[in-house]
Number of protein chains: 2
Amino acid sequence: MAVSNKGLILKEYPKGLPNADKHFELVPRTIDIKNLNLGENEIVVKNIYLSLDPYVRFTLREPEPEYVSVDTLLEKRVSIGQVIIGVGVSEVVKTNNPNFKVGDLVYGPVGWEEYSHIKSDFAAIFSPINKESLKDIPLSYYASLLKMGGLTPYASLISIGKPKKGETIYVSAAASAIGLLVGQIAKIKGLKVVGSAGSDEKVDYLLNELKFDAAFNYKKTDLNKALSEYCPNGIDIYYENVGGQTLETVLNHCNQFSRIVVCGMISQYNLPFNEKYGVKNLEIIFLRSITMQGFIVSQYLGTDIQNEFEKDFTEWIKAGKIVYREKVIDGIENIAEGFVNLFDGRNIGRTIVKVSDY
Amino acid sequence: MAVSNKGLILKEYPKGLPNADKHFELVPRTIDIKNLNLGENEIVVKNIYLSLDPYVRFTLREPEPEYVSVDTLLEKRVSIGQVIIGVGVSEVVKTNNPNFKVGDLVYGPVGWEEYSHIKSDFAAIFSPINKESLKDIPLSYYASLLKMGGLTPYASLISIGKPKKGETIYVSAAASAIGLLVGQIAKIKGLKVVGSAGSDEKVDYLLNELKFDAAFNYKKTDLNKALSEYCPNGIDIYYENVGGQTLETVLNHCNQFSRIVVCGMISQYNLPFNEKYGVKNLEIIFLRSITMQGFIVSQYLGTDIQNEFEKDFTEWIKAGKIVYREKVIDGIENIAEGFVNLFDGRNIGRTIVKVSDY
Ligand SMILES: NC(=O)c1ccc[n+]([C@@H]2O[C@H](COP(=O)([O-])OP(=O)(O)OC[C@H]3O[C@@H](n4cnc5c(N)ncnc54)[C@H](OP(=O)(O)O)[C@@H]3O)[C@@H](O)[C@H]2O)c1
Ligand SMILES: NC(=O)c1ccc[n+]([C@@H]2O[C@H](COP(=O)([O-])OP(=O)(O)OC[C@H]3O[C@@H](n4cnc5c(N)ncnc54)[C@H](OP(=O)(O)O)[C@@H]3O)[C@@H](O)[C@H]2O)c1
């Protein structure tokens with residue numbers, strides 16, 4: 001018996017900012033779970049919460065001839081007519097994989113659809129959600145905060161940023177889902193935390209709720225002047241979420257032996273190659289012995305730092321040391337609009353879509 | 001009694017390529033060594049070999065308002081009328097420093113002049129040259145190869161590049177003093193070595209004398225195509241000497257978890273800020289988890305890696321595993337021209353100036 005399996009497909013490659021109607025289409029499909037034949041290690045999951053992440057924009061690009069593609073998770077592109085892929089919380093409803101049984105709650109890469117048929121390579125990176133923990137922690141937190149959403153800032157800040165008490169960190173897109181956590185982890189580690197965001201409401205939140213040492217609205221402030229004012233001893237760690245001209249200006253304020261954690265460059269994702277901002281002062285990287293290091297959160301899965309993250313975060317959340325915001329959108333019908341809105345800067349914290357009840 | 005102490009001073013800040021007559025002047029000064037009063041830990045040295053290094057171009061810049069200066073050795077600027085500072089091999093002729101006695105041969109930062117009066121901060125980074133070793137090794141090698149000249153490629157390639165047998169390294173400005181050594185160290189470590197240089201003569205040298213696995217003339221070749229051809233498995237280590245558009249093209253060929261050793265960006269040194277090349281594809285740094293790390297050779301002085309370098313290099317030179325080229329210019333009269341010629345790409349290996357006999 002077939003059930004509804006609406007899914008969001010890519011209708012057209014966005015050239016600039018994605019548009020919900022023009023580039024996406026919610027297709028009324030069905031899935032016959034009972035009669036579906038599963039290959040070895042495959043599973044079928046019912047999706048509960050889908051996380052809306054800016055990196056998904058990367059998978060929506062037309063192949064570019066001058067660009068030599070490397071097959072990392074984030075660079076796997078979606079073709080026209082295919083369902084968009086993201087991460088989320090789901091329930092296993094059919095399994096041919098010894099690691100999962102029907103009824104298990106799992107976290108991993110799924111389609112933006114009601115049910116996903118997961119092939120063995122993706123099933124290998126799914127992780128279980130302990131149902132016991134749901135007494136203390138809402139299930140949605142696994143989509144937004146407790147899995148990749150928290151591992152991303154934690155693992156990268158610790159392993160690349162190497163924060164030392166008393167140092168100064170500057171976080172761009174500081175009111176993004178990632179930025180909020182970076183700032184709070186840095187405060188726990190004893191750093192001076194300076195952040196920027198694109199609205200006064202966000203700046204208020206950073207200063208008054210999260211107790212950042214300084215925060216400013218980058219749309220109303222000259223970044224160079226703000227960094228001179230708020231980071232008078234220079235920047236020891238730059239947590240890079242934005243890229244482009246921001247990076248160029250920040251480099252001028254970076255100290256000798258400073259670290260740049262390259263998490264993302266959201267200001268550049270929606271620009272075609274020739275309109276991207278060219279950074280001119282990379283010479284500073286050797287003049288000041290700077291380390292600029294990129295990462296993709298999946299590289300930390302299954303490593304020691306993931307265990308430390310889970311231990312620290314559970315403790316910090318219970319102790320109220322980590323404050324969190326998530327925005328829950330109801331229904332897969334609204335997923336395209338939710339995604340497009342990531343790039344207008346209105347959200348504070350992670351946006352997730354509730355696809356079904358649990 | 002005063003003796004001649006001709007010195008090369010900065011006459012005018014070069015805006016683009018430096019010009020020997022326009023920007024420099026050899027001034028006929030004298031020094032009265034006997035009657036000179038030395039402060040604590042100061043020394044006077046007679047210069048023997050001066051090394052001509054492109055980084056010196058950095059010290060010849062007018063203070064730029066938008067540029068927040070950090071006081072590293074390489075960023076210390078020379079003012080109009082001051083003597084240019086570089087590194088070289090010298091003999092101590094007067095001393096008020098317990099670490100040095102008259103007649104010692106030393107290596108460290110000195111003026112481009114016949115005699116230099118060394119203040120205590122600079123004296124602290126001078127290192128001794130063992131006279132015993134001169135039986136096997138010419139003194140000039142200490143200016144070109146055995147001190148910073150060899151430590152630069154060795155320490156950075158090992159500690160930042162983390163070379164692993166079977167990996168592919170691409171070296172730009174591969175026939176530069178640094179590049180020649182990077183390629184040879186990488187061959188010793190079992191890597192596939194690909195290099196580029198600006199003349200067919202240099203390419204011949206890389207292929208036939210140094211046995212690089214591949215080399216090409218970047219002035220006659222499309223870099224993107226050449227990298228696709230010679231690095232079919234992508235680049236694991238990019239040894240960056242050139243910067244600008246080269247970096248942009250190389251990034252497209254970098255593998256996941258590859259390392260970019262940022263030694264220098266010589267193509268950008270002679271350009272005013274607004275003419276520098278803006279690199280547009282830095283997003284690849286996080287998409288492929290790349291580490292891009294800069295360094296200044298002085299940071300390795302006095303560390304374990306300096307000892308390993310001296311041990312390995314002495315052994316490799318004696319075993320003929322490292323082949324070396326230096327160009328010796330005679331007389332301080334020719335130093336400005338020698339320096340200016342670094343940027344025309346004619347030299348293979350280090351250029352040094354012989355200022356006095358030993
Ligand atoms: N490397 C990884 O594994 C990994 C994993 C997850 C996320 N990321 C990256 O982390 C960064 C933050 O992601 P997130 O999921 O936390 O984002 P998010 O919560 O969706 O927030 C994105 C924020 O970015 C800011 N922004 C959007 N367009 C911008 C522009 N053109 N210029 C400057 N700021 C802009 C907006 O805030 P303002 O009001 O401040 O403009 C927006 O609210 C992104 O770069 C993302 O790609 C990387
Ligand atoms: N970080 C440190 O501590 C440190 C220490 C020493 C040197 N360095 C850097 O290492 C690099 C090599 O220095 P070196 O002393 O070995 O140099 P070098 O022997 O003087 O050779 C410089 C070579 O660079 C190439 N070049 C010059 N202008 C260029 C341009 N516009 N575009 C492309 N290539 C150009 C030329 O070769 P072609 O024929 O290939 O064009 C030239 O022969 C430089 O970037 C330097 O600043 C860094």
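How much area do chain A and chain B bury between them? Let us work through that and two further exercises.

A word before we start: this is a predicted model, in which local features need pLDDT of at least 70 and side-chain atom pairs count only at pLDDT 80 or more, while totals for chains, interfaces and linings use all residues. Residues are numbered from 1 along each chain as its sequence is written, chains are lettered from A and ligands numbered from 1 in the order in which they are written, and side-chain values use heavy atoms, with hydrogens and water left out.

**Exercise 1. Describe the interface of the two chains.**

Step 1. Chain A and chain B bury about 4000 Å² between them, and 63% of this is on carbon and sulfur atoms. Buried area is the accessible area (1.4 Å probe) that two parts lose on being put together, summed over both.

Step 2. On the chain A side, A:K280, A:F286 and A:L287 lose the most area to chain B, together 18% of what that side buries.

Step 3. Now look at contacts (heavy atoms within 4.5 Å): 47 residues of chain A touch 47 residues of chain B.

**Exercise 2. Find how the two copies are related.**

Step 1. Superpose the chains by least squares on the C-alpha atoms of residues with pLDDT of at least 70 in both. Chain A falls on chain B after a rotation of 179 degrees with 0.0 Å of shift along the axis, at an RMSD of 0.1 Å.

Step 2. The copies are therefore related as by a two-fold rotation axis.

Step 3. Within chain A, A:G278 has the C-alpha nearest the axis, 1.8 Å from it.

Step 4. Both copies use the same surface, since 100% of the contact residues of chain A recur in chain B.

**Exercise 3. Explore the surroundings of ligand 1.**

Step 1. Count the residues with a heavy atom within 4 Å of the ligand. There are 27 around ligand 1, and A:I178, A:K202, A:Y218, A:Y269 and A:R350 come nearest.

Step 2. Look for polar contacts, here pairs of N or O atoms within 3.5 Å. A polar side-chain atom of A:K202 lies 2.6 Å from an oxygen atom of ligand 1, and a backbone N or O atom of A:C263 lies 3.0 Å from a nitrogen atom of the ligand.

Step 3. Place the ligand among the domains, whose bounds come from an automatic or database domain assignment. Ligand 1 lies between domain 1 (1-143 + 324-352) and domain 2 (146-296) of chain A, because both give residues to its shell.

Key: Polar contact = N/O pair within 3.5 Å; in protein donor to acceptor, adjacent residues only side chain to side chain.
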